[in-house]
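Trainee: I have a model open and want to read it with you. Can we go through it step by step?

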Amino acid sequence: MRKYETVFISDPDLQDQARLDLYDKVKNIITKENGILLNFDEWGNKKMAYEIKKKLRGNYVCVTYGGTGDLVNELERNFRLTDDILKFMTILLSDDVTVESLEKEVAEAQEAAEAAEAAVEERAKAEAVKTEAKEAAAKEAEAKEAAAKETEAKEVAAPEETEAAEETKEVKD
């Protein structure tokens, strides 16, 4: 068994459902031909160096898999028959790999993806805690400011009340 990488460029004007169907077709060919899908990486729409089939942009996808030469032939045959594929290129990465090593690589990639996802979640939780702390500090500052203004208002009002009380007292005398 060998390890291959195929990069293909699909029509950027494809609807989302048609694009997903194309991806499923590629994945199904790999599994039907007893291949092992290692990585399916969609790079997105990018500007091409030159025009292909009157298109200046293309949707790039990189597929890494393990399989035989028959798998590559079948995959490329389907690419040639599909009008939605603008260009493709297959590269041999490793000449002699075992199924166990490929399955181990898939498991390691899944573990790495899960670890990265957990790190993102942990970072999001930390950001949420920071945001809550900032909001609490802002509310506390607002409360202190409001209390200070209230105290100041009482101090301003207190001399006036004292003067009014003195005038009332003088009037009674």
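Trainee: Is Arg 80 buried or exposed?

Mentor: This is a predicted model, where local features need pLDDT of at least 70, side-chain atom pairs count only at pLDDT 80 or more, and totals for chains, interfaces and linings use all residues. Residues are numbered from 1 along each chain as its sequence is written, and side-chain values use heavy atoms, with hydrogens and water left out. Buried means under 20% relative accessible area, exposed means over 50%, and partly exposed is in between (1.4 Å probe, protein chains only). Arg 80 has 57% relative accessibility, so Arg 80 counts as exposed.

Trainee: Which side chain meets Arg 80 in a salt bridge?

Mentor: A salt bridge here is a side-chain nitrogen of Lys or Arg within 4 Å of a carboxyl oxygen of Asp or Glu. The N to O distance in this pair is 3.8 Å. Both residues lie in helix H2, four residues apart, about one turn of the helix. The partner of Arg 80 is Glu 76.

Trainee: Is Glu 76 buried or exposed?

Mentor: The relative accessible area of Glu 76 is 16%. The cut-off for the lowest class is under 20%. So Glu 76 is buried.

Trainee: What span does helix H2 reach from its first C-alpha to its last?

Mentor: Helices (H or I, at least four residues) and strands (E, at least two) are DSSP runs, numbered from the N terminus. H2 covers residues 69-81, which makes 13 residues. The expected span is 1.5 Å times one less than the number of residues. H2 is close to that expected value, with a span of 18 Å.

Trainee: Which elements do the buried residues of H2 pack against?

Mentor: The buried residues of H2 include Leu 71, Val 72, Leu 75 and Phe 79. Contact means heavy atoms within 4.5 Å. Their packing partners are E1, helix H1 (16-32), E3 and E4.

Trainee: How many of the nine residues of strand E1 are buried?

Mentor: Strand E1 runs over residues 2-10. It is largely enclosed by the rest of the structure, because the buried count is seven of the nine.

Trainee: Which residue in E3 is the bridge partner of Ile 9?

Mentor: Two strands pair if DSSP finds at least two bridges between them. E1 and strand E3 (residues 55-67) run antiparallel, joined by nine bridges. In E3, the partner of Ile 9 is Tyr 60.

Trainee: And which residue stands opposite Ile 9 in E4?

Mentor: Strand E4 spans residues 85-94. E4 pairs with E1 in the antiparallel sense over eight bridges. Opposite Ile 9 in E4 stands Lys 87.

Trainee: Which residues make the nonpolar surface patch of about 250 Å²?

Mentor: Patches take residues with over 30% relative accessible area and no salt bridge; like charges are joined within 9 Å, and nonpolar side chains (Val, Leu, Ile, Met, Phe, Trp, Tyr) within 5 Å. One member lies in strand E4 and is partly exposed at 48% relative accessibility. The patch is made by Met 89, Ile 91 and Leu 93.

Trainee: Which residue forms a salt bridge with Lys 144?

Mentor: Lys 144 is exposed, at 55% relative accessibility. Its partner is partly exposed, at 47%. Both lie in helix H3 (residues 99-172), four residues apart. The closest N and O atoms are 3.6 Å apart, and the partner is Glu 140.

Trainee: Which residue does Glu 145 meet in a salt bridge?

Mentor: Glu 145 is partly exposed, with a relative accessible area of 45%. The two residues both lie in H3, about one turn of the helix apart. The N to O distance is 3.6 Å, and the partner is Lys 149.

Trainee: Which residues do salt bridges that share partners join into one network?

Mentor: A search of the whole structure finds nine salt bridges. Those with shared partners join Asp 11, Asp 13 and Lys 55.

Trainee: Which residues does Val 99 touch, not counting those up to four places away in sequence?

Mentor: Val 99 is in helix H3. Its relative accessible area is 33%, so Val 99 is partly exposed. The residues it touches are Met 1 and Ile 36.

Trainee: What pattern does the protein follow along the sequence?

Mentor: The protein has three helices and four strands. Buried residues make up 26% of its 173 residues. Read along the sequence, the pattern is β-α-β-β-α-β-α.

Note on methods. Accessible areas come from the Shrake-Rupley method with a 1.4 Å probe; for residues, only the protein chains shown count as cover.
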